Amino acid sequence: MSTAAESQAAGGVVDPARERLRRWRLVLGGDAADGTGCALSGQDAAMDGALAALYGKAENGRAGRDRSAGLGASAPSVARWLGDIRTYFPSSVVQVMQRDAIDRLGLSTLLLEPEMLEAVEADVHLVGTLLSLNKAMPETTKETARAVVRKVVEDLEKRLATRTRATLTGALDRSARINRPRHHDIDWNRTVAANLKHYLPEYGTIVPERLIGYGRASQSVKKEVILCIDQSGSMAASVVYASVFGAVLASMRSISTRLVVFDTAVVDLTDQLDDPVDVLFGTQLGGGTDINRALAYCQSQITRPADTVVVLISDLYEGGIRQEMLKRVAAMKASGVQFVTLLALSDEGAPAYDREHASALAALGAPAFACTPDLFPEVMAAAIEKRPLPIPETV
């Protein structure tokens, strides 16, 4: 049976009923009970083989072992399979299938081979897997792994950097408000709101006795930002995005940026912020969690509380002293620090997280929520301007 595309290319008319059977056959996988009675050939058969290798029924607890199209355990067979799925499926689907292959078939160890890394479709989740394997990675693989990570990081920077800089530059400008602004620096919305009591009904206008505006942010440091990142295994994607954002923030002269990662130990990676790849390879995914210890370090680095934003990125499963953690957050907020709690910084939404700790932080005025990379610039802008955070409605 030819594919729909092949039939159309040959000038034939696709039979809707046969096309439905073909699609159901690809979905159901061809077991005896699939009920379609539809045979595949050509590209359809090759696509079905690639899918069966990964999603075929389990035998002895392993997926993809009951058919001839299994992946096996060798790098050559996996590399061929990776080439096949890149031929037959779009990039977004390829990335999902790669993640499933790593999880379902235990292929993580094969990523320690340079040939395998050259064959995979690089994405944020692959970077997370490579970082978790960093300590076990042989020297022959490390350069290839760095090249894969660098490609993903550069793609993310292209996507996120321009908008982030523009959004935060505007926020810095607006945060430097003055009471005697020049005409083009007047914040008219705030000026009108502040002078409503001077409304003259007979003239239908407001007399602006007090002008509110903002001066343009100079090149001197206006705000200090501390990114405090949980590097437990579930936070892999968040670590990748936070490292990229850290590098972008560090490139802005008006913002002094510090990046701290933690598990049960605390590591300050600020001196590596000029290269987020170095930051990522300086992390060590996995291990326990001591949020209190990390916040204690961050608190010790604050010199201008009223001009500081602390961003904690964590699932909040605290292995340290819970009450001390909450006391530190309360103390920082009381001193004027803007404290932001993100359960995740990724496109996937919130992972499993400690709801009791999230509720306790919300009670302190630091609500915890998952944040997508596209929303992060707006969250930071709101924190810089000391206005309510744009918390997603799903929280």
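Q: Helices are DSSP runs of H or I that hold at least four residues and are numbered from the N terminus; in which helix is the place of serine 91?
A: The model is a predicted one. Within it, the run that spans residues 91-105 contains serine 91, and this run is helix H5.

Q: Is serine 91 buried, partly exposed or exposed?
A: Burial requires a relative accessible area under 20%, whereas exposure requires a value over 50%. Serine 91 has a relative accessible area of 35%, which lies between these cut-offs, and therefore serine 91 counts as partly exposed.

Q: What distance separates the C-alpha atoms of serine 91 and glutamate 121?
A: Along the chain, serine 91 and glutamate 121 are 30 residues apart. In the folded model, the separation of their C-alpha atoms is 7.5 Å.

Q: In what order do the six strands of the open sheet stand?
A: The sheet is open and its pairing is mixed. Strand E7 (266-268) and E10 each have a single partner strand, so they stand at the edges and one side of each is left without a neighbour in the sheet. Neighbouring strands are turned against each other by 30° on average, with direction ignored. Read across the sheet, the order is E7-E6-E5-E8-E9-E10.

Q: How many bridges pair strand E5 with strand E6?
A: Strand E5 covers residues 223-230 and strand E6 residues 255-262, and the two pair in the parallel sense. Isoleucine 226 has arginine 258 as its bridge partner in E6, while isoleucine 229 is partnered there by valine 261. E5, H10 and E6 also make a right-handed β-α-β unit. The number of bridges between E5 and E6 is eight.

Q: Which residue in E8 is the bridge partner of valine 225?
A: Strand E8 (residues 308-313) runs parallel to E5 and is joined to it by six bridges. In E8, the partner of valine 225 is valine 309.

Q: How many of the eight residues of E5 are buried?
A: In a regular strand the side chains alternate between the two faces of the sheet. For E5, Lys223, Val225, Leu227 and Ile229 lie on one side and Glu224, Ile226, Cys228 and Asp230 on the other, and both of these faces are covered. The count of buried residues in E5 is therefore eight.

Q: Which residue in E10 stands opposite alanine 344?
A: Strand E9 (residues 338-345) pairs with E10 in the parallel sense over four bridges, and E9, helix H14 (residues 355-363) and E10 make a right-handed β-α-β unit. Within strand E10 (residues 368-371), Ala368 and Ala370 point one way, Phe369 and Cys371 point the other way, and all are buried. The residue opposite alanine 344 is alanine 370.

Q: How far apart are the end C-alpha atoms of helix H3?
A: Helix H3 (residues 42-55) has 14 residues, and at 1.5 Å a residue the helix should span 20 Å. Its buried residues include Asp44, Met47, Asp48 and Leu54. The separation of its end C-alpha atoms agrees with the expected span, at 20 Å.

Q: Are H8 and H10 parallel or oblique to each other?
A: The axes of helix H8 (residues 139-175) and helix H10 (residues 236-250) come within 9 Å and cross at roughly 50°, and the crossing is right-handed. Because an angle of this size falls between the roughly parallel class, under 35 degrees, and the roughly perpendicular class, 65 to 115, the two helices are oblique.

Q: At roughly what angle do the axes of H8 and H15 cross?
A: H8 passes H15 in a right-handed crossing, and the axes come within 9 Å. The two helices are roughly parallel to each other, a class that covers angles under 35 degrees. Their axes cross at roughly 15°.

Q: What is the relative accessible area of leucine 316?
A: Most residues other than glycine have a negative phi. Leucine 316 has a positive phi of about 70° although it is not a glycine, and its place is in the loop between E8 and helix H13 (322-334). Leucine 316 is buried, with a relative accessible area of 0%.

Q: Is lysine 386 buried, partly exposed or exposed?
A: Lysine 386 lies in the segment after helix H15 (376-385) and has a positive phi of about 60° although it is not a glycine. With a relative accessible area of 45%, lysine 386 is partly exposed.

Notes
Residues are numbered from 1 along each chain as its sequence is written. This is a predicted model: local features need pLDDT of at least 70, side-chain atom pairs count only at pLDDT 80 or more; totals for chains, interfaces and linings use all residues. Side-chain values use heavy atoms; hydrogens and water are left out. Buried means under 20% relative accessible area, exposed over 50%, partly exposed in between (1.4 Å probe, protein chains only). Two strands pair if DSSP finds at least two bridges between them. A crossover is right-handed if, with the strands pointing away from the viewer, the path from the first strand over the helix to the second runs clockwise. The expected span of a helix is 1.5 Å times one less than its number of residues. Axes are lines fitted to C-alpha atoms, for helices over the stretch in contact, and angles run from 0 to 180 degrees between N-to-C directions. Angles under 35 degrees count as roughly parallel, over 145 as roughly antiparallel, 65 to 115 as roughly perpendicular and the rest as oblique. A crossing is left-handed if the near helix is turned anticlockwise from the far one by less than a right angle, and right-handed if clockwise.
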